[in-house]
Amino acid sequence: MKLPGDDGPRELERGLPAQIAGRIGRRILQGELQPGDTLPKELELLAELQVSRTTLREALAVLASNGFIEAKQRIGTRVRARAHWNTLDPTVMAWHGETGAPGALAQELFEIRLAIEPMAARLAAERATPEDLARIGTALQAMGDERLGAQRAMEADIDFHLQVIAAAHNRFLMPVASVIRAALEVSVPKTFEEFGGMGHSMAMHAAIFRAIEQRKPEAAARAATKLLEDTYRRNFA
């Protein structure tokens, strides 16, 4: 099996060890390396990947820290069972999105968003500070400003959702926010391209902001649910 792939620069993979970890990790996710399989020996990997021993070991440490592999004496480095994989890690989620078959993952992520974001919107309507409202409003405005360009609109869309979660002021939601960011970074550009911009969802985003601003928790939760269900239908129906 050829481990190196046709990889380009990735925002979540800064540095050669992270890039090598991504190459191997994506092949595990694709099933080219199955749970229980033993990785090639170190000298084989060094020759194949054309990297230093230090770089390879750092890459394997990244994979081990995310539960993909484990090293055992007299056995070698093996791929662990899927139950051990840290699928909530944003880097692992980015690997999933690049395997060529992200549909099931995207659907499961939407299910998480449906569980989390309406609750976050409800809490934001109760707890948002004036500064929180300003940040959510700024993101919403940037989403609809065509003069800023497509890239800025997509960044603003992601920022909108993250600012709503931040405005919930629940410390246990913040780790989930990193997962949602990774999901949005994969899904928003695809949705933007498919529907030709933000026009199809601006009113629904505005309804979330309006309910939060007016301190209407249930209305905020309903508006967030409506947006997510609409997006879900467009992507998976």
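Which residues in helix 2 meet Arg53, Leu56 and Arg57 in helix 3? In this predicted model, local features need pLDDT (the predictor's confidence in each residue, from 0 to 100) of at least 70, and side-chain atom pairs count only at pLDDT 80 or more, while totals for chains, interfaces and linings use all residues. Residues are numbered from 1 along each chain as its sequence is written, and side-chain values use heavy atoms, with hydrogens and water left out.

The residues of helix 2 that meet this set are Glu42, Leu43, Leu45, Leu46 and Leu49, contact meaning heavy atoms within 4.5 Å and helices being DSSP runs (H or I, at least four residues) numbered from the N terminus. The axes of helix 2 (residues 42-49) and helix 3 (residues 53-65), as lines fitted to C-alpha atoms over the stretch in contact, with angles from 0 to 180 degrees between N-to-C directions, come within 10 Å and cross at roughly 105 degrees. The two helices are therefore roughly perpendicular to each other, a class that covers 65 to 115 degrees.

The largest nonpolar core, a set of buried Ala, Val, Leu, Ile, Met, Phe, Trp, Tyr and Cys residues joined through side-chain atoms within 4.5 Å, has 39 residues, where buried means under 20% relative accessible area with a 1.4 Å probe and protein chains only. Helix 7 (150-167) gives the most to this core, with 9 residues. Ile136, among the residues with the most contacts inside the core, touches Phe160, Gln163, Val164, Ala167, Phe209 and Ile212, not counting residues up to four places away in sequence. Apart from this core lies another, of 21 residues, among them Leu56, Val79, Trp85 and Val92.

Methods:
Buried < 20%, exposed > 50% of the residue type's maximum accessible area, 1.4 Å probe, protein only. Parallel < 35°, antiparallel > 145°, perpendicular 65-115°, else oblique.
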